[in-house]
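Q: I would like a close look at one part of this model, the place where a helix of one chain meets a helix of the other. Please take the pairing itself, and then what surrounds it.

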Amino acid sequence: MIAQQDFMIVSVLLFCIGLFIIVSKKNAIQILIGIELMLNAAILNLVAFGKFDRANNGGQVFALFAIVLAAATTAVALAIILNVYRRYKTINPDKINQLRD
Amino acid sequence: MTMVKILFCLMAFVTLGSALVVAAGRNLVRSIFMFFVTLFGLAGLYVLALADFVAVTQVVIYVGGILVLILFAFMLSGKEALDKVEEQSSKFISLKNAPALFLAGLFVVIMLNVVFKAEVDNLPWIHRAIETHNVMPVDGTGINEIGVNLMTRYLLPFEVISILLMVALIGAAHLSRREGANQS
């Protein structure tokens, strides 16, 4: 069997790659991809520990919920990005610095 | 080294490698498609954690839904955005990325420390689960219990999340509507 620790190490590395993408990228869509990577790292932990909960399936069921929530988040975030692009003609978060028109 | 272990190492390598390519690449389209590979690798890891159903859901929702959505948003945001992206510095390790690299490195050190100190394989509740045979079966019958639990124990979160999903989708459809269509 695979040790839990291996899953957690993979998840830690994935989380930090996501963090790196979020901090360093200059494009809203790439930042969104970084957020998805961090979410996936969390889901990997849920699934890895869900292996030891056969009766209640806590980990796996909440991994499913987290995946669905990530889908909802992405849909709204992409709608916002499209609106921002329509208004500012750029999706670089550093250049979007005013609240009013 | 058993077969499972080799497969795990392969999947972890595919996942982390493609995630690194996503982080290093400056071409947005390429990084989106490498993200696709990352998601498939993660689905493989879920299978190795005995969660087949979650893996299939991952492929269906992430690869089928979110990735197509991201591609659409990217294509709709036009050529200028693409040109802006190309101007980004091409190197993975450059002075501009130094703060991000520093932050991510510190997080790796801290979290790996936490993982090693926590000794996740010796947690008392995991020992108890192994003693009482509360571990997911390898033959794929664990999926039955997911179905039963989803409709009994987790019915309230299930319904709440379905309402939230509907609200989010209506909100997204409303947000992405063109302004001109409002007046007509």
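How do α3(A) and α3(B) run, roughly parallel or roughly antiparallel to each other?

A: This is a predicted model, in which local features need pLDDT of at least 70 and side-chain atom pairs count only at pLDDT 80 or more, while totals for chains, interfaces and linings use all residues. Residues are numbered from 1 along each chain as its sequence is written, with chains lettered from A and ligands numbered from 1 in the order in which they are written.

The axes of α3(A) and α3(B) come within 10 Å and cross at roughly 5°, and the two helices are therefore roughly parallel to each other. Helices here are DSSP runs of H or I with at least four residues, strands are runs of E with at least two, and both are numbered from the N terminus. Axes are lines fitted to C-alpha atoms, for helices over the stretch in contact, and angles run from 0 to 180 degrees between N-to-C directions; those under 35 degrees count as roughly parallel, those over 145 as roughly antiparallel, 65 to 115 as roughly perpendicular and the rest as oblique.

On the side of α3(A), the residues of this contact include Ala63(A), Ile67(A), Ala71(A), Leu78(A) and Ile81(A), and on the side of α3(B) they include Phe53(B), Ile61(B), Gly65(B), Ile70(B) and Ala73(B). By class, the contact of α3(A) with α3(B) has 18 nonpolar, 5 polar and no charged residues (Ala, Val, Leu, Ile, Met, Phe, Trp, Tyr, Cys and Pro count as nonpolar, Asp, Glu, Lys and Arg as charged, and the others, Gly among them, as polar). Two residues are in contact if their C-beta atoms, placed from the backbone, lie within 7 Å.

The wider interface joins 74 residues of chain B to 63 residues of chain A. To the side of chain B that touches chain A, α3(B) gives the most, with 13 residues, and by class that side has 55 nonpolar, 13 polar and 6 charged residues.

Both α3 helices also supply the largest nonpolar core. Among its 68 residues, Ile29(A), Leu44(A) and Val47(A) touch the most other members; at least two residues each come from α1 (4-24), α2 (28-50) and α3 (58-88) of chain A and from α1 (3-24), α2 (28-48) and α3 (52-76) of chain B, and α2(A) gives the most, with 14 residues. A nonpolar core is a set of buried Ala, Val, Leu, Ile, Met, Phe, Trp, Tyr and Cys residues joined through C-beta atoms within 7 Å, where buried means that 20 or more other C-beta atoms lie within 10 Å of a residue's own, exposed that 12 or fewer do, and partly exposed is in between. Leaving aside residues up to four places away in sequence, Ile29(A) touches Ile81(A), Ile91(A), Leu28(B), Ile70(B), Ala73(B) and Phe74(B).

Chain B itself has 9 helices and 0 strands, and 23% of its 184 residues count as buried. Within chain B, the axes of α1(B) and α2(B) come within 8 Å and cross at roughly 155°, which makes α1(B) roughly antiparallel to α2(B). Where these two helices meet, the residues divide into 15 nonpolar, 6 polar and no charged.

A last contact across the interface involves Leu150(B), which lies in helix α7 of chain B and counts as partly exposed because it has 18 C-beta neighbours inside 10 Å. Not counting residues up to four places away in sequence, Leu150(B) touches Val61(A) and Phe158(B).
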